[in-house]
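I opened a fresh notebook page for this one. Here is what I looked up, entry by entry, with the structure alongside.

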Amino acid sequence: MAVIMIKIIILTIVVVAMLAGVAGTIFPGLPGLPLIFLAALGYGIYEGFHVITGTYLLFLAGCVAVAMGGEQAARVWGARRFGGGRGSTWGAIIGSIIGLFFMPVGLVAGPFLGAVVGELITGQATGPALKAGVGSLLGVLLGTVLNIALGLTMFLTFLYRALGGA
């Protein structure tokens, strides 16, 4: 009986950590997908990697990598799609990094301002620079949608496995 209670408590802690990770895909300040991965890894260690296997952990790590790369690629794509050039691309990337220090506003303002400033530095007029900034914002939105989708996929596949589906 005590073993079952311990398993339920541990699984509950892991699920709460994963839900915080899913929330982190939407709300800044939480590590998001890395937290989901670490929670699954911790559960795998607890249960001896019988249900949460190395292969499954590689799948989760792949989801994290796709999300990280996809988020940056979406920002760049957004700026380029709206007429931005190399200046807005680099500006959006640099703005994204600087924006991390000014959360939560910086996560949105950073890529936008970075793309605008990058375009202005390369000699573009204000109108096209602002258009590239808007594209960068749309890229941020697309990256967030990607993170949410991958976070939910990671969480739901974990539940499926942990509750006996795999």
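**F27 and its loop.** I started with F27, which I found in the loop between α1 and α2; helices here are DSSP runs of H or I with at least four residues, strands are E runs of at least two, and both are numbered from the N terminus. F27 counts as exposed because its relative accessibility is 52%. My cut-offs: buried is under 20% relative accessible area, exposed is over 50%, and partly exposed is in between, with a 1.4 Å probe and protein chains only. I also paired F27 with L146: the two are 119 residues apart in sequence, and their C-alpha atoms are 14 Å apart in space.

**Ground rules.** This is a predicted model, so I note that local features need pLDDT of at least 70, that side-chain atom pairs count only at pLDDT 80 or more, and that totals for chains, interfaces and linings use all residues. Residues are numbered from 1 along each chain as its sequence is written, and side-chain values use heavy atoms, with hydrogens and water left out.

**Confidence.** pLDDT is the predictor's confidence in each residue, from 0 to 100. The chain has a mean of 90, and 98% of its residues reach 70 or more. Helix α2 (residues 33–47) has the highest confidence, at 96, and helix α4 (residues 86–99) the lowest, at a mean of 85.

**Helix α1.** I checked the length of α1 (residues 2–24): its 23 residues should span 33 Å at 1.5 Å a residue, and the end C-alpha atoms are indeed 33 Å apart. The expected span is 1.5 Å times one less than the number of residues. Its buried residues are L11, V14, V15, M18, G21, V22 and G24, and they pack against α2 and α6. For packing and contact I use heavy atoms within 4.5 Å.

**F49.** Next I looked at the loop between α2 and α3, where F49 sits. Phi of F49 is positive, near 60°, though the residue is not glycine. Most residues other than glycine have a negative phi. F49 counts as partly exposed because its relative accessibility is 36%.

**Helix α3.** Helix α3 (residues 54–81) has 28 residues and reaches 39 Å from first C-alpha to last, close to the 40 Å expected. Which helices do its buried residues pack against? I found α2, α4, α5 and α6. Among the buried residues of α3 are Y56, L57, C63, R75, G78 and A79. Just after the helix, G83 takes a positive phi of about 90°.

**S136.** Is S136 buried or exposed? S136 is buried, because its relative accessible area is 0%. S136 lies in helix α6 (residues 126–162). Leaving aside neighbours within four places in sequence, S136 is in contact with R75, G78, A79, A92, P111, F112 and A115. Three of my α3 names come back here: R75, G78 and A79 are themselves buried.

**L100 and a nonpolar patch.** L100 is in the loop between α4 and α5 (105–121) and counts as partly exposed, at 47% relative accessibility. L100 belongs to a nonpolar surface patch with W90, I94, I97, I98, F101, F102 and M103, with about 900 Å² of accessible area together.

**G165.** Last entry: G165 lies in the segment after α6 and is partly exposed, at 32%. G165 and G85 are 80 residues apart in sequence and 48 Å apart in space, C-alpha to C-alpha.

Methods. Patches are made of residues with over 30% relative accessible area and no salt bridge: like charges are joined within 9 Å, nonpolar side chains (Val, Leu, Ile, Met, Phe, Trp, Tyr) within 5 Å. Accessible areas come from the Shrake-Rupley method with a 1.4 Å probe; for residues, only the protein chains shown count as cover. A salt bridge is a side-chain nitrogen of Lys or Arg within 4 Å of a carboxyl oxygen of Asp or Glu.
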